[in-house]
Amino acid sequence: MNNAMRRKVMALLTEGKKTREEISGAVGPAMLDYHLSILEGAKLVHIQDDGVALTDFGMNFMQGKSEKPRASADLKGAKPVDVVEVRQLLPCIADKSRFRIIARMEPPLGKALSLLEPLFPRGRYSDSIGSLIIQKGTVLITLYGTGNVTMTMIKDQEEAMEILEGLSETINRAIASGVTPAPRERVRIDPLEVNRYLPGTNCRECGEQSCYSFAIRLANGEVPVDSCPTLHEDRYAVRLEHLRALMAYL
């Protein structure tokens, strides 16, 4: 996180939920609404009425920044997981006919979650936020070490439960075997696949001549996803999530 103001806000919120007035008093009022909107768009904070708090994603992000490296985890002692609840079923921002799901698996896997990445062909573990991101077609699943699970572009609750039960079965087979899956080599991302998720407007606001030129640089790891301001419009929210998942492979 390159912006000093946003770093201060995130550090302050590690103490707990704050009002806008409390945040303004601690870090200053200059462009506060703008910085909060950026953090909310990145799903690092949740804003409700006048209160601002870190999301699970945000808490894991800050924990990853502050913790010292831990000893390597393994599957010894890990217990089988169960889907214990589907807490929320909300319409997707980009497609109102699809849903966003917030669910929970217990017991939490913690750092052992990182060892399960090779089990999923389109999965990538992020140590900085303590989560395993899995792409299944248009569905994007984020499984956190805390046990929380989020999914986007879900058809209905029945599909959500089917996917969650499939995840738990795959994880439990690995735990039962006691064998840590062999690490998987990182794959090369095709610029054409990246280009599928870009707006296609060729607006040049990213500094490139076309969306495909930007896709090439993005696939090569030369520029961040956030260099495309158009992607932050609500209608491209799902595309942005999928791009961030793709970039985790690099």
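Here is a walk through the helices and strands of this predicted model.

Let's start at the N-terminal end with helix α1, which spans residues 4-13. Met 5, Arg 6, Val 9, Met 10, Leu 12 and Leu 13 are its buried residues. Look down the axis of α1 and you'll find those buried residues inside an arc of 160°, so they line one face of the helix.

Now jump ahead to helix α3, residues 32-41, where Leu 32, His 35, Leu 36 and Leu 39 are buried. Around the axis these cover an arc of only 100°, which puts them on the same side of α3. And what do the buried residues of α3 pack against? Their partners are α1, α2 (20-27), β2 and β3, so this is a good spot from which to turn to the strands. On the way out of the helix, have a look at Lys 43: just after α3, this residue takes a positive phi of about 65°.

Next come the strands. β2 covers residues 45-48 and pairs with β3 in the antiparallel sense, over four bridges. Within that pairing, Ile 47 sits opposite Val 52 of β3. The two strands make a hairpin with two residues between them, and in the turn Asp 49 has a positive phi of about 55°.

Strand β3 (residues 51-54) has another partner in β1, made up of residues 18-19. That pairing is antiparallel too, and it runs over two bridges. Here Lys 18 is the residue facing Val 52. Val 52 therefore turns up in both pairings, standing opposite Lys 18 and opposite Ile 47.

Conventions. Residues are numbered from 1 along each chain as its sequence is written. This is a predicted model: local features need pLDDT of at least 70, side-chain atom pairs count only at pLDDT 80 or more; totals for chains, interfaces and linings use all residues. Side-chain values use heavy atoms; hydrogens and water are left out. Two strands pair if DSSP finds at least two bridges between them. Buried means under 20% relative accessible area, exposed over 50%, partly exposed in between (1.4 Å probe, protein chains only). The arc is that of the directions from the helix axis to the C-beta atoms. Contact means heavy atoms within 4.5 Å.
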